[in-house]
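Good morning, everyone, and thank you for making room for me today. Please take a moment to look at the model on the screen before I start walking through it.

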Amino acid sequence: MNLTLNIWRQKGKIGKFVKYQAKDVSEHMSFLEMLDVLNQELILKGEEPVHFDHDCREGICGTCGMVINGLPHGPLKGTTVCQLHMRHFKDGQEIWIEPWRSRGFPILKDLMTDKSALDRIIQSGGFITVRTGQAAKAEAIPVPKSDAELSMDAAECIGCGACVASCPNGSAMLFVAAKITHLGFLPQGQPERMQRAINMITKAEEEGFGFCSNYAECEAVCPKNISISTIARANRDFIRASFGYGAGKGGKAL
Amino acid sequence: MLKLDSRIPSGPIEGKWSKRLQEVALVSPANKRKLSIIVVGTGLAGASAAASLSELGYKVSVFTYNDSARRAHSIAAQGGINAAKNYQNDNDSVYRLFYETVKGGDFRAREANVYRLAELSNVIIDQCVAQGVPFAREYGGQLANRSFGGALVSRTFYARGQTGQQLLLGAYSALMKEVGRGSCQIHNRMEMIDLVVVDGRARGIITRDLVTGQIESHVADAVLLCTGGYANVFFLSTNAKHCNATAIWRAYKRGAGFANPCFTQIHPTCIPQAGDYQSKLTLMSESLRNDGRIWVPKAVGDERNAVDIPDNERDYYLERIYPAFGNLAPRDISSRAAKRMCDEGRGVGPGKRGVYLDFSDSIARLGRNVIEERYGNLFEMYNRITGEDPYSSPMRIYPAPHYTMGGLWVDYDLMSNIPGLFVLGEANFSDHGANRLGASALMQGLADGYFVIPNTIGDYFANTRLSPVDANHEEFKAAANQAHVFIDKLLSINGSRTVDQYHRDLGMTMLEHCGMSRTKESLTTAMKTVGELRERFWQDVKVSGEACDINQELEKAVRVADYFELAELVCRDALEREESCGGHFRLEHQTPEGETLRDDENFAHVAVWEHQEQGPAIRNVEPLVFETVKLAQRSYK
């Protein structure tokens, strides 16, 4: 198939869309392989290739991400752009490709953005404080299967930032809530649960991400299908923590 | 010649690690604060090491080429992590895990290291659970297990098909906790491009900032390389696109011994290549072999759809040839069997390079929902990539380069022959011999990072007086200068072919001549072709862009330049190892049934290559001493 691509090119502060023709695209190619082929052509023509972040190309590292025709990671639900294949596009189609757009993710070049704010949110509390060697025997901590499954549902977050890119408020709440939910469903995560909610949500605000007002766009684009019910859980923890419930905030019982 | 003292403690194998722990000298908390450590790489080994060392009080700086520590390729490991917990009461034990790992590696691993690995496997699970890794659970709330290739017990712990992701996020969260505390510094998007050795000791690294292009010097009292393997030398592999060998290769060129480079693993269950544009191959977890049956049509050239071929016209060749292990035969054996079937003309799918992995029997026996719960995300991934539905027709799979058992030589303390340079995880050579069993890489990465290095590195510091060094030292200046020259040279060639074109050619050559089977002729051809390609690369490669900017082509060019050199060493090592063992299969050395034929008399050793500024590398030898295990022909029949 042949496609017309409008790709955001940016070097320095200002960028613009540039039109390219992608010819003889195989339906079995991934979207990124289609860009690889375009880039090879550009290099041989003496132009700079389109820069985009990517690494594992298996949909698990969370490095890649671009907005395709207005949708983060493109049209296929539950799929990162590296796992999106060209069979989901039509011959002759015009495609618009942009980087994540959010105050929290400054553009570095072309489609590459700086997502390090997500690391800083994790640093503020997205962990269980246990030093190497302090662990109890694993068999001593039974976890109900249903809790373990719900925890795992949330733990699948790959930190790609699509939730932020899709949100009219530029909120990182789905990312934050996924971590709060992952750890909050486990007995090991209880001692720091309340403080974690306060710290992470506060930090997200400091990093320039907006608040959540339940647009639910994030859930629609999340390549790991993380549910916005995690946000309800995170808000509940946050509010209860703000009223002084839970360990570390004066000790009112949960 | 290299001085290769493996420093394996004496005494019975069960007591070696505890003996070493008692012997190592300690560093006082006050002194730890003054000692700085550079950790390169943030996969399981790097992240766990950096977090643990920072907790101990050392000044730790971490470097990753990724935009975040959480992206390292450990994240893509699917199947699981082994531990000898014996939760299944199926007679598992530390000894059994140890023995199976040594046997799985075809008796080319260091016995004492493997025993330690098996011994530490249980505390790794404890540590990960404490961090909040959501392992799969049974209905009673206890941890679940599954079986894996090369083992007759169920000892693999897993988190759906994303075990690597969850373990890495555990180690990453520990690392982020330390960064948040301010005791550990992290440098994202920074690639190590050289090691700096001062007075014979590793004292720092040279990096390229992948955003600004700046070449920087970083000084430390010890350097840890946790930079993974080199399977991308084959171009198409299951590794992430940016996984590279530059850190270990530059360390090799600064004097570190490179051990067993020819021990590379071709994983049996990957999605077959679809076209020439293909950028990488995707692994389908080995755990699928628990419930999937592998087969090809009995007849050559059978063009029918899989579902139309009746059972009696299918050859379940693994079950036929290896009845004891069946579909769970080790990786090297399964891969070669698949290749043999395709070579016989019984391959399936486009290009006939594929075999079926069929779940219909398991779906009939267990129900679709059970299969969905166990492998749902893998089935989805297969469907996304191929557009086919593996619930209704079998998957097609084919072997692909996956893991490299070879790596930098280290002693029992994980220190290379350059004092102060430690190597952890896949980047070192020590634990998997000539073939790695499934679910052992995660185990090794975390054992090295959480439990070995925090104990052994102190011994180096306590017994070493380090002179003060800063970035103005002439060795740092010289190395930084070399880096500039190297990069300028790559950018100035402005030839006619792209980096990817050269990389692809290199990979094709390696896969064809130094892949699943090797001969003297193929290896000689490979060395000649690789040498010619390398020369052409340096005269004709076209690298776009500038040095002082984000430049992904330049990043690739630096890595590929190193792959060319490494590829030659891989071939040479394969040529000189006149035996077959594990993943290294020399057609000249096989049993009448077509299995590997070892030569224990002449090759029960580690080949350690020593770089020479002029002339070919020198082959050193560390004899493998087996005090506990009796060498035997590997049998999975």
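I will go through the domains, then the sheets, then one helix, and finally the core and the contact between the chains.

Before anything else, please keep in mind that this is a predicted model, and that what I describe is computed from it.

Let me begin with chain A, where the domain assignment gives domain 1, covering 3–109, and domain 2, covering 115–242. The C-alpha centres of domain 1 of chain A and domain 2 of chain A lie 29 Å apart, and the contact between these two domains takes 18 residues from domain 1 and 18 residues from domain 2. If we look at the side of domain 1 of chain A that touches domain 2 of chain A, its residues divide into seven nonpolar, nine polar and two charged.

Chain B is also divided into a domain 1, here 268–400, and a domain 2, here 474–605. Taken over C-alpha atoms, 30 Å separate the centres of domain 1 of chain B and domain 2 of chain B, and the contact takes five residues from domain 1 of chain B and four residues from domain 2 of chain B. On the domain 1 side of that contact, helix α9 of chain B, residues 331–343, gives the most, with four residues. The residues on that side of domain 1 of chain B are one nonpolar, one polar and three charged.

Now let us turn to the sheets, starting again in chain A. There is an open sheet of five strands in the order β2-β1-β5-β3-β4 of chain A, and its pairing is mixed. At its edges are β2, residues 15–22, and β4, residues 71–72, of chain A, each of which pairs on one side only. Strand β1 of chain A, residues 3–10, pairs with β2(A) in the antiparallel sense over eight bridges, and if you would like a landmark for that pairing, you can find A:Asn6 standing opposite A:Lys19 in β2(A).

In chain B, there is an open sheet of five strands in the order β12-β16-β15-β13-β14, with antiparallel pairing. Because β12 (264–270) and β14 (314–315) of chain B each have a single partner strand, one side of each is left without a neighbour in the sheet. Near the β14(B) edge, strand β13 of chain B, residues 293–297, pairs with β14(B) in the antiparallel sense over two bridges, and B:Pro297 has B:Arg314 in β14(B) as its bridge partner.

Which strand of this chain is largely enclosed by the rest of the structure? It is strand β16 of chain B, residues 395–404, and we can say so because 10 of its 10 residues are buried. Five bridges join β16(B) to β12(B), and these two strands run antiparallel, with B:His267 having B:Ala400 in β16(B) as its bridge partner. Strand β15 of chain B, residues 355–358, pairs with β16(B) in the antiparallel sense over three bridges, and here the bridge partner of B:Val355 is B:Ile397.

Next, a helix in chain A, namely α6(A), residues 193–206. Its 14 residues should span 20 Å at 1.5 Å a residue, and its end C-alpha atoms are 20 Å apart, so the expected and the computed spans agree. Several of its residues are buried, including A:Arg193, A:Met194, A:Ala197 and A:Ile201, and what covers the buried residues of α6(A) includes α2 (116–123), α5 (173–184) and α8 (229–242) of chain A. After α6(A) comes A:Gly208, whose phi is positive, near 95°.

What about the nonpolar interior? In soluble globular proteins, nonpolar side chains tend to be buried together. The largest nonpolar core here has 281 residues, and those that touch the most other members are A:Leu174, A:Val176, B:Leu175, B:Leu224, B:Leu225 and B:Leu408. Taking B:Leu224 and leaving aside its neighbours within four places in sequence, we find it in contact with residues including B:Ile37, B:Val39, B:Ala49, B:Phe422 and B:Ile453.

Finally, how many residues does each chain bring to the contact between chain A and chain B? The contact takes 64 residues from chain B and 67 residues from chain A. Several helices of chain B each supply at least two residues of its side, among them α3 (44–56), α5 (111–131) and α12 (441–462), while α6(B) gives the most, with nine residues. The residues on the chain B side divide into 23 nonpolar, 26 polar and 15 charged.

How values were computed:
Residues numbered from 1 in each chain as written. Chains lettered and ligands numbered in written order. Predicted model: local features only at pLDDT ≥ 70, side-chain atom pairs only at ≥ 80, totals over all residues. Pairing = 2+ DSSP bridges. Domains from an automatic or database assignment. Contact = placed C-beta atoms within 7 Å. Nonpolar A, V, L, I, M, F, W, Y, C, P; charged D, E, K, R; others polar. Core = buried A, V, L, I, M, F, W, Y, C linked by C-beta atoms within 7 Å. Buried ≥ 20, exposed ≤ 12 C-beta atoms within 10 Å, placed from the backbone. Expected span 1.5 Å × (residues − 1).
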